[in-house]
Each structure stands twice: as C-alpha cells, then as structure tokens.
Amino acid sequence: MKKFKRYGIAVVLLPVCYGVTFALWEMLHRFKDVPEGSFYFIAGIAGYFAFQWVFFRPIRTYVFGHELSHALAAWMSGAKVKHFHVSKKGGSVTVSKSNIFVALAPYILPLYALTLVTAFFAAGYFYPELKSYWRVFLWLLGGTLGFHMALTAYALKMDQPDLKATGRFLSAVIIYLGNTLSIVFLLGILFPRTVSWQRFARVSGEEALVAFKQVSKGTQVVWEEAVHATQH
C-alpha cells in the first residue's frame with residue numbers, strides 16, 4: 001500500500017516537474033546574450049565536464065561532500081550524527097533519525113557550490129576588493145556546479161540505498177525538482193538583473209496548472225471510454 005501511495009505522489013508531482021522545466025527553459029533562454037558575465041559561469045560548468053572527461057572523477061571529494069550533506073541535513077532536522085566515515089572505497093554516516101530530506105540531500109543540494117557562494121559573499125563583506133575577482137568566482141562556481149551535476153548523475157547510476165526508503169520513482173521526481181530549484185536559487189543570486197524568482201514561481205504555477213488540467217481531462221476521457229466499453 002505504501003508503495004502505491006509513493007507512486008501516486010510521484011505521478012501527481014509530474015505536472016509540477018513540467019511547470020518548473022518550462023519556467024527554467026524560459027529563464028535560460030534569456031541567457032542567450034550572456035548577460036552579467038554569465039559566460040564565465042557557463043564556461044566553468046563546461047570546463048569541469050571537460051576535466052572529468054579528460055582526466056578522472058574526483059570520487060573521494062564527492063563522497064566527502066555526499067556524506068557531509070547527509071550529516072548536515074540530519075543536524076538541520078534535529079538528529080544527532082553518531083558516525084562519519086570517508087575513504088577511497090566509499091563513505092558512511094550514521095544518524096539518530098532520518099527522513100526524505102536527510103536521505104536525498106546529497107543528490108539535491110550542490111554543497112560545494114553553496115559553500116563557495118557563502119564564503120565569497122561573506123568575505124566580500126569584509127574585503128570589498130574581492131569584487132574585482134567576480135569573473136573568476138563565476139568560473140569557479142560553474143565548476144563546482146558542474147561537479148555536482150556530473151557526479152550526482154554518476155552516483156544515481158549505482159544501486160543507491162538512499163533511494164529505497166522513498167522509492168526510486170518518487171526519489172527521482174524529488175531530486176529533479178530539488179536540483180531545478182537549487183539552480184534557480186543560485187542563478188537568482190548571481191544574475192539578479194536577468195533572473196526573477198517571482199516570475200519563475202508564477203510561470204511554474206501557471207504551466208503546472210495547465211498540465212494538471214490536461215492530465216485530468218485525458219484521464220476523464222479514458223475513464224468514460226472504459227465505462228462505455230464495459231457497458232457494451
């Protein structure tokens with residue numbers, strides 16, 4: 001019964017996925033003229049992909065961030081972290097209690113990117129001259145986001161026990177939505193003249209509602225046809 005409930009929630013969230021995808025695509029379309037130095041951010045993402053393709057995957061760095069994300073999510077949820085271990089072969093973290101946020105946090109939150117943003121803006125408050133390195137910062141941030149995207153995709157190809165409690169289908173939907181919102185959050189901070197969180201939320205809601213109506217209409221038609229067929 002729980003399995004069907006999770007499946008049902010995932011299906012209900014699919015129109016929301018459509019809505020945020022449409023809104024994100026509209027947002028990214030405005031970057032065609034590379035405003036606000038976004039070229040360096042995009043180059044950073046591409047640069048990381050090229051690095052991984054030519055050289056290697058920094059698995060140990062990813063594993064550390066992965067397990068740390070579990071630990072931070074548990075701490076934010078009021079749980080205690082009892083064990084934390086990272087090695088070349090993998091890592092593990094033991095917490096007093098878990099939930100969906102704790103289980104899926106590493107796949108949703110770009111930890112290194114968020115840490116870099118926090119550190120840069122915090123340091124810039126005390127040292128305003130750091131603003132002259134804005135393009136370098138954008139390039140590095142793009143690299144950390146590319147790292148998150150590439151290594152998360154790689155990790156999801158493996159048999160991840162983190163996804164079993166919530167179910168793979170629902171986990172995939174939540175991970176997609178979470179990553180989309182994380183990207184929009186970062187873009188809004190970096191390029192405030194180009195990105196509007198309010199517009200993204202409005203367009204997402206409007207398109208999700210359209211998708212809900214279309215799905216409901218289609219479901220009603222299929223149901224009526226099925227009832228008609230059984231009566232004859």
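Rings of Phe, Tyr and Trp, the last represented by its six-membered ring, are counted as an aromatic pair if their centres lie within 6.5 Å. In this predicted model, the structure holds 20 aromatic pairs. The legends below describe close-up views of selected ring pairs, a nonpolar surface patch and the salt bridges.

**View 1. Tyr112 and Phe147 form an edge-to-face aromatic pair.** The ring centres of Tyr112 and Phe147 are 5.5 Å apart, with 75 degrees between the planes. The pair joins distant parts of the chain, with Tyr112 in helix H5 (residues 111-126) and Phe147 in helix H6 (residues 134-156), 35 residues apart. Phe147 is buried, because its relative accessible area of 9% falls under the 20% limit. Tyr112 has a relative accessible area of 27% and is partly exposed.

**View 2. Trp134 and Phe137 form a tilted aromatic pair.** The centre-to-centre distance for Trp134 and Phe137 is 5.3 Å, and the angle between the planes is 40 degrees. Both residues belong to helix H6, where Trp134 and Phe137 are three residues apart, about one turn of the helix. Phe137 is buried at a relative accessible area of 4%, whereas Trp134 is partly exposed at 24% relative accessibility.

**View 3. Ring pairs link eight named residues into a cluster: Tyr48, Phe49, Phe51, Phe55, Phe56, Tyr62, Tyr112 and Phe147.** Tyr112 and Phe147, members of this cluster, are also the edge-to-face pair of View 1. Phe55, another member of the cluster, lies in the loop between helix H2 (38-54) and helix H3 (59-76).

**View 4. Phe51, Trp53, Val54, Phe55 and Phe56 make a nonpolar surface patch.** The patch has an area of about 630 Å². Within the patch, Phe55 is classed as exposed, because its relative accessibility of 59% is over the 50% limit. Phe51, Phe55 and Phe56 contribute to this patch and also belong to the ring cluster of View 3.

**View 5. Glu26, Arg30 and Arg199 are linked in a network of salt bridges.** A search of the whole structure finds three salt bridges, and the network includes the contacts of Glu26 with Arg30 and with Arg199. The N to O distance is 3.8 Å for the side chains of Glu26 and Arg30. For Arg199 and Glu26, the N to O distance is 2.8 Å. The pair of Arg199 and Glu26 links distant parts of the chain: Arg199 is in helix H8 (residues 197-231) and Glu26 is in helix H1 (residues 2-29), 173 residues apart. Each member of the network is partly exposed, with a relative accessibility of 23% for Glu26, 29% for Arg30 and 32% for Arg199.

**View 6. Glu206 and Arg202 form a salt bridge within helix H8.** The side chains of Glu206 and Arg202 meet at an N to O distance of 3.4 Å. Glu206 and Arg202 are four residues apart in helix H8, about one turn of the helix. Glu206 is partly exposed at 39% relative accessibility, and Arg202 is likewise partly exposed, with a relative accessible area of 42%.

Terms used
Residues numbered from 1 in each chain as written. Predicted model: local features only at pLDDT ≥ 70, side-chain atom pairs only at ≥ 80, totals over all residues. Heavy atoms only, no water. Salt bridge = Lys/Arg side-chain N within 4 Å of Asp/Glu carboxyl O. Buried < 20%, exposed > 50% of the residue type's maximum accessible area, 1.4 Å probe, protein only. Helix = DSSP H or I, 4+ residues; strand = E, 2+ residues; numbered from the N terminus. Patch = residues over 30% accessible without salt bridge, like charges linked within 9 Å, V, L, I, M, F, W, Y side chains within 5 Å. Areas by Shrake-Rupley, 256 points an atom, 1.4 Å probe, with all protein chains shown as cover. Phe/Tyr/Trp six-rings, centres within 6.5 Å; stacked < 30°, edge-to-face > 60°.
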